[in-house]
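Reader: I'm new to this one and don't know where to look. Please pick one part, take me through it closely, and then show me what lies around it.

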Amino acid sequence: MFNKLEFEENAKKTTRTSRLIKGLSAVTIGLLGSMLVLSVISAEKAAPELAQTALDSISLSGVENPVTAVLLNFRSYDTLLEIAVLLIVAVAMMPESSRNTSLTAANSRVPTHPVLIGLIRCVIPLSVILSAYLLWTGAYAPGGAFQAGAVLAGAGVALLLVKRWQLNYLRLSARAFMALGLAVFVIVAATVIPATGRALNYPADYAGALILIIEVAATLSIAFVLILLVDQLLNMANKQVKPQDTQTEGLDKS
Amino acid sequence: MSINQLLPLLIVLSAILPGVAIFCIGDHRVQLRRILNIGGNILCLALIVLLIRGVHQGEIFETRLPLLPGMDLVLHADALSLLFVSLSGFLWLLTTIYAIGYLGNTQHRSRFFGFFSLCVGATVGIALAGNLITFLIFYELLTLTTYPLVVHKGNAASLRAGKIYLGYTMLGGALLLAGVVWLKALAGPLDFTATGILSSLPGLDPNHLIIIFILLMTGLGVKAALVPLHGWLPTAMAAPAPVSALLHAVAVVKAGAFGIIRVVYDVYGIEFARDLGLTPVLALFAAATIIYGSVRAVFQDDLKKRLAFSTVSQVSYIALGTAIAGPIATIGGMVHLVHQGIMKITLFFCAGNFAETLGVLKVSEMNGIGKKMPITMAAFTIAALGMIGIPPVAGFVSKWYLATGALEVQAYWVLVVLAGSSLLNAIYFLPILHVAWFKEPNPAWPAKTGRFEAPWMLIIPPAITAMLAVAVGVFASSEVSPLSWAKLIAAKEYGQEWTRSAVQVASASPLILATVLTPLLFSLCLAAPRCRKLVKRAVPLAVLPAIVVATMGVYESSALPGLFFFSTFGLDENSRVLLLLASTLWLIASFYSADYLKNDKNPARYSLFFLLCMTGSFGLILSQEILGFIAFFTLMSLSAYGLVIHSGSADSLKAGRLYIQWVIVGELLLFAAIVGVALDGSAESFADINKKTQPIWVSWLLVIGFGIKAGLLGVHFWLPRAHPVAPVPASALLSGLMVKAGLIGWWRFLPLGEATLLDIGGGLIFLGLCGTFLAVVIGLMQQNPKALLAYSTISQMGILAAGVGAGLIAPSMWIVLSSALLIYAVHHGLAKAALFLGVGVAPLLGADNSNKRRLVLALLIIPAVAMVGLPFTSGAIAKTALKTSLENLPWFTQVLPISAIGTTLLMLRFLDLLWRTNKSPSPNPALTNSGLLAYGVLVFTVIGMVFWLPQSQPFIAATFYSGSIWNSLWPVMLGAVIYLFGRNDLFKNSFLFNTSSFDVEKTFSKYWAAFTDMTYARLGRTWELLFIKYKSLASPYFYLTRSLESVKGKNSNSIPLSIQLLHPGLLFLGVLACMILLLAFAS
Amino acid sequence: MGAPGIVMTSAQHFLPLVIGLPLLAAVFCLLVSNSRWSARFSILFASIHTLVVMQVLSSLRDSGSVWRYELGGWGAPLGIDLVLDGFSVILLFATTIVVLCVTTYSAAYFKTPQQTSRFWPLWWLLVAGLNAAFLSGDAFNLYVALEIIGLSSVALVALAGNVSAITAALRYALVGLLGSLCYLMGVALLYRAYGTLDLALLSQTVQGTPITWAALALISVGLLLKTALLPLHFWLPPAHAGAPAPVSAALSALVVKASFYVLARFWLDVCSPAASADALNLLGFFGACAIFWGCFAACRAKRLKLLVAYSTVAQLGYLFLLFPLTAAYGPSAGSAALAAVAYLIVAHAFAKAAMFMAAGSIQLACGYDDIDRLRGVVSHQPISVFTFAIAGASLIGLPPTGGFIAKWLLLNSAIDSGQWWWIAVILCGGLFSAIYIFRVLILAFTARQGEQSSSGGPTHPIPQTMMACGFMLAIATVALGFNAEWLLSYMDINLIGFLAGTEPLP
Amino acid sequence: MSQDLIYCTTGIGLFALGLYGVLFVAHILRKLIAINISGIGVFLVLLATAKHEGVVDPVPHAMVLTGIVVAVAGTALCLWLTVNIHCRQITQQGESK
């Protein structure tokens, strides 16, 4: 399946797998899928005991939204590791070098369309406010750090797409942004030990505040990491594919 | 942790840690490395000594480290482990010294010595292992650590050897592991205990135990080189000499053999193993290996390969001894562990020396190497003789115990195997000795530089081990010998005390000992070049103690404690007579040869063999116990070879070859016979031999074995060829004295006067008398006076043999008959010696001085007359004595005069020949007056001695009856008449008397040689094809690697082959489907 | 709400530390971009990590029972528990030792800031993921931990920077994602049927119903893909061979073991009611095939690191013999087999890490690692070759190494359970391993025949620490060969299915 | 056919579809999309599980959220690797030209 990884557009034609095999395997997968469905049908869904327990414990969690309670209190460990996953990808995708020295740099040479500027000026503050709202509302309604971070990242990506501004991901501050969520989470997890005797066991009184702190940090990190991911992908695609494209175009013309 | 718990561990560490340290220091730190090496060695040895002392005092040494739950790493010192551990420790020291000298300034010495130490550490660990898993751990460690040593040279051959070695040992290790794990699962922690652990465990399935045993034996058999698992050993010869020495003598093969002992005795328990029917199979395999290895060794020209196959053969002695399953055989097997180690390491050291100093790798290049490298070759000789099983070298002791042990449990076939193996050993070792000592050295070899023939570090180790090989043989009965340890182990194993029954009196009579020791010491002095001239002149002095003892009649017996051979010497009436004969003949021969061989080109060699022969002949007369007798007998037979071929002519070489072949065959028969005599191993001295219950096969073997020496018809072929070619004094001794050794043997061992053995006695009489007459017929046809005399010897010995046969038929006559035979022997010995010496004197017939001529003539005629038995001569007395004592067998007495006719014919013919050949004056006779004087003295002894003997006194009077005078006179006269009539025909070279076309022996030996050559060639080629090209077990490995190598070229890095074969997506789906299906439908 | 009989001691607070410490180290290394300082900090962190784990080990022995740490104080099923039993503590032990050595090795191996700035955070995140996986008591948490391991491994492989390595990394990433998804599907089905994610609770309620079978099948296939059992092993050799040497060491030694660990948990503990003997035997059969195929491919490999990678395929096959050996032959045989496999994991981790380190040193010194050109390498890389030899001996299963003990235990349990055919497989596997190991070692003794000028080329000096690290691991392999009792006694503290009922040590 | 079952069947169907795509479609981007489709299938099954009579189980929701993040991360990494390889191959081709 991963023998020859195709990168060309017209890859379908070059695949080596014969039709018979494909047909057979489609049938097999269909069969397997139906067996899965059958097995699901055959089993009773378990009684929602855990859901009940979770809903019963909401009052102790410091937030009112059950999903947020699960994410950041009951199963906060999962979330901690999840942020670590994001960090991995961010670290992996960090650029190897950067010409800029400061965190942000403006590129005045890039021509900008006034409409675009206007749109940006309009959208970005809205996005930031929306993000903050999502973060805040996560405590009692659907929303939370990831959603907020995603919206924030959207704003950032929009900003970068204009190409007038660039971010230097190798700066200490950039790396601090990346690590912020994980660091704060871990530190909070550790600092509550003296109080409650368990890692990640927030004291009931401060639970809400602590969760908020974590969520803010996580939002920033998530947003930054997502911006990094998109930016890097776009950068690489632009930087390296372009010359090739122009070359082929030139060849076509001739 | 007390010292007792620590000591075994310390011993192992004292070998391993220096190795590790050596790795860490650079290649150039020679001094430091030597200090580490030798220091570790000596420390190890010291600890071993401590250990031995402690164990002797009954302390328990055990290191127990936890390894696994329910499984400890145990190092335990018991008698068996001490045997092996002290062997490895000691030989390690020597090998290290040797290796330091051998490797000199080559590369990678750190690596070599490091692994060397580790290897010994592993061996010591194997020795001290207290349970099977510990054994296994060190066993595998040994595999790993020897591999770098095998491939040390890094050339293609050694890499290939390494591959094969690994292939075998890895496979063996895996099987061993399987066996051990299985056994552990059945029987728990597998600690070695003296009587086995399995028999006491209930509820074990015997079939499982048998399979496990096969697994274990296969695993161990690889290292012990049991056929068909031996393939690695000969190829491993590509390694450097010290490694080969270590591999073969100490570490690897011994580890396998030791493991076999451990498993059979301490895990299964010998009785349990026998009940399971396992030991006979093992014994069969061991026996097959013994024979196979020896046969293969015969066809190897590469010296180290020959030695390697010899190892294959010899190591299986240990397994054989283990498998025979009797206490004595056990002792034999265990003691061979040590003995073989010492001897084989010597051989490999020597082979290494040859290769290093002279570049000699092949047997065919070894001509005359003994002259270039005498010390090395001497060590080689001792070890090789030991390997053959020549007493008193250590190898005999093991073989002796193996054979007696086999008889104890009625495994007669083992005797055949042992004898066959010894024969083959002789076939592949003796030619080496011959060419090395007696051929001319290659002129291309560099002249000797330096003080020794090689660096001292290469000389000392083999010299020490060679001496040790003799010492452990001779002193095998002392308390500290390996044999005693082996007995201790066997005692524990069988739960019974097994000690030597003979109580020995610790008194030594210096005079009797001096009789034997003086010639021996003289011969040893010949080793020093400075003493040679002195010793050569003083040879007659060596006989002096014997003469004193014989004439004064020192009837003391002398017992030496602690000696395995030679423990008891003594003299009685009969042996005194023989000693008198022997001393006289040696004295005269020594004077005679001093004159006769004054222009000889190799006098030292002659003196050496002369003295050794003398030692042997005195010793066998004086020795009062079986092993001493046989040792001296062998010494005499073998050193006579040197006398036979002394002249170096083609004839003498051929005769020598025939001689040595018959000697070896005789030795083997006698070995078997004497083992039968001792039977349960308890009989040591002649007094202990239980002759009445002697098995019939033993008697037959005795008759034939000693018959070879005594020139009995049918086995006499060597005699008329060997006696004539030797120098005159040597021929005299051979015919006069040495053939009597056969007679003495009969005397000592056959149940004469105690049991009636009609068939054997009858056979002996028949053969003896036939010999008497046939020898006359053939003798008459000879042109060479010495050959004629040799036939005369056969004829006369035939009478003696017939006499012995008569003694067997009628035991009651034996008392009288024995003294008659004695007289006859003395008479014949003296007279025949005189006749032979006369051949040397005869050229003086052509002397200018007519008085001298007459004197010489008279002196020549007198012994002939005595021989014929004319009245008033010694011959007459002897014949009368014989007749008198044989009155109960009248037909026998009728035959005697007829033999006298024949003797007369022979004597006349002899004189005739002498006269004809020496009529004309010879320009430069070999003999001068001093020789003539000696001869004269002998002639007078011939006349006088018999009259002087106390045994002959009763018969002297009978001789002078007129009837008896007539009785002795008429056959002579008849003979003279017949001779006068036939004389002319004899010289006419008619077809009948053409000796050259009618030489039975020559024809026989010619066909024999053709046959053997043909067989060797044919078999050799076939074997090469079968076994060398297609290495039995390693072949799958080679095929595999070859196929791998062939596809390697097509291999590409990026795309794994599996993807090319199968679509991974399909695989994924397949696994998923399998999972679901199996989970859903199986449960 | 801990299970009965499970005690909480103060030393248990080390459990979150075992995970938190690497995470903090990752953050730290990310912030400190100076390569020298991050290396130093990493070594410091690795040492502290080792001390912590050792403390955990000794306290666990003292307490003698399974540890359970309720993160967040909620306890299963609502919260997530960290669970430490004998099996996981042995894996933790292996991890910590290998991590210590690999960290020290990497400190010398990676030089350029481009590499170090990414390597160290990724490396510590990988360690955190491994520790999290070994300590996790929750099915979904295991998913996240496996993802951390998978993605950080991919990123580390890609660090090598050449096209083939990155392609291998991409393939690895796809495989990892697919495996994770299958696993997640299985977990989803389990949650649907039994309403809990906690492994201990699951194991009490799981029954052999079709949905369990489906879940187990999905989980197994996902994890088999990640563990690279024979038919699904195709991604492993290029990835492990292409990665930088310390990464290869960690991947082969630890990463594949994590998914195996989870697999073993599910088959033997969580879903044991659904496990049929045939399915267990199938796993064993695949394992046997992996042994032979891995050895065969290793014999053919042209590059040293590829050889070692194939050897990993073979050695993983041994681990899968666990399943048939525990199959329905009573608790004693099963626990013995598990002990054997746990020991094998440790022994293989040490040996394989040492081997990759040695191969890496050789590659770095010579600039290539084609086996045919390595002739005479011993003259300038003696310690590396020696390390390789010792590690190889352990892989073959020769005494006195840990591999021997493991093999012994495996054989023992094969005999105890009466399945002699596995004995043959184990022994033959050892013999075949010997062939490829000695294929390399023979080079060490072959004299270099005038090749210095043609293809040998100049050799680069190698930092002593790198060789020392590999050598220390090799020594540790040998040390494992003695006194195995110390480590094996942890297997008495066990949570796994058939032992859950037995009394823990007082 | 209950609502739950529809969701489940759809989820499993998507999962199977994605599986086929991952296994048998050659192009790397399609593979990535297929993996994401598979993931969505799994999330659907989880969400279906969350729905109970009367209560909504928050745990599967949390799991899905976490799973989405992980999927995003994984996809991003794969994309990055893909682009990386693509660029390098192109530069290699350019060099060889």
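Author: Let's start with helix H26 of chain B: 19 of its 19 residues are buried, so the rest of the structure largely encloses it. Buried here means that 20 or more other C-beta atoms, placed from the backbone, lie within 10 Å of a residue's own; 12 or fewer makes it exposed, and anything in between is partly exposed. Helices (H or I, at least four residues) and strands (E, at least two) are DSSP runs, numbered from the N terminus. This is a predicted model, in which local features need a pLDDT of at least 70, side-chain atom pairs count only at pLDDT 80 or more, and totals for chains, interfaces and linings use all residues. Residues are numbered from 1 along each chain as its sequence is written, while chains are lettered from A and ligands numbered from 1 in the order in which they are written.

You'll find H26(B) at residues 626-644. At 1.5 Å a residue it should span 27 Å, and its end C-alpha atoms are indeed 27 Å apart; the expected span is 1.5 Å times one less than the number of residues. For another example, try helix H2 of chain D, at residues 28-50: its 23 residues reach 33 Å from first C-alpha to last, close to the 33 Å expected. There, 19 of the 23 residues are buried, so H2(D) is largely enclosed too.

Now step back to the whole of chain B. It has 43 helices and four strands, and 60% of its 1083 residues are buried. Contacts (C-beta atoms, placed from the backbone, within 7 Å) often reach far along the chain: of those with a separation of 6 or more, 81% join residues 24 or more positions apart. An automatic or database assignment divides chain B into domain 1 (299-499), domain 2 (510-998), domain 3 (999-1051) and domain 4 (1052-1083). Taken over C-alpha atoms, the centres of domains 2 and 4 of chain B are 92 Å apart.

Two of the strands make a neat little motif. S1(B) and S2(B), at residues 71-77, pair in the antiparallel sense over seven bridges; pairing takes at least two DSSP bridges. Thr63(B), for one, has Leu75(B) in S2(B) as its bridge partner. The two strands form a hairpin with two residues between them, and Gly70(B) in the turn has a positive phi of about 75°.

S1(B) also turns up where chain B meets chain C. That contact takes 50 residues from chain B and 52 from chain C. On the chain B side, S1 (61-68), H5 (132-150), H6 (156-187), H41 (1035-1048), H42 and H43 (1064-1082) each supply at least two residues. H43(B) gives the largest share, 13 residues. By class, the chain B side has 39 nonpolar, eight polar and three charged residues. Here Ala, Val, Leu, Ile, Met, Phe, Trp, Tyr, Cys and Pro count as nonpolar, Asp, Glu, Lys and Arg as charged, and the others, Gly among them, as polar.

Chain C touches chain A as well, with 51 residues from each chain in that contact. H5(C) gives the most to the chain C side, with ten residues, and that side divides into 34 nonpolar, twelve polar and five charged. Chain A itself has nine helices and two strands, and 40% of its 254 residues count as buried. His113(A), in the loop between strand S1 (104-106) and helix H6 (114-137) of chain A, is exposed, with 9 other C-beta atoms within 10 Å.

How far should you trust chain B? Its mean pLDDT (the predictor's confidence in each residue, from 0 to 100) is 81, and 89% of its residues reach 70 or more. H16(B), at residues 374-388, has the highest mean, 91, and H42(B), at residues 1057-1061, the lowest, 43. Residues 989-998 of chain B stay under 50, with eight contacts beyond four places in sequence. Residues 1043-1061 are below 50 too, and that stretch has 21 contacts beyond near neighbours in sequence. Where pLDDT is low, the predicted coordinates should not be read in detail.

Methods: Two residues are in contact if their C-beta atoms, placed from the backbone, lie within 7 Å.
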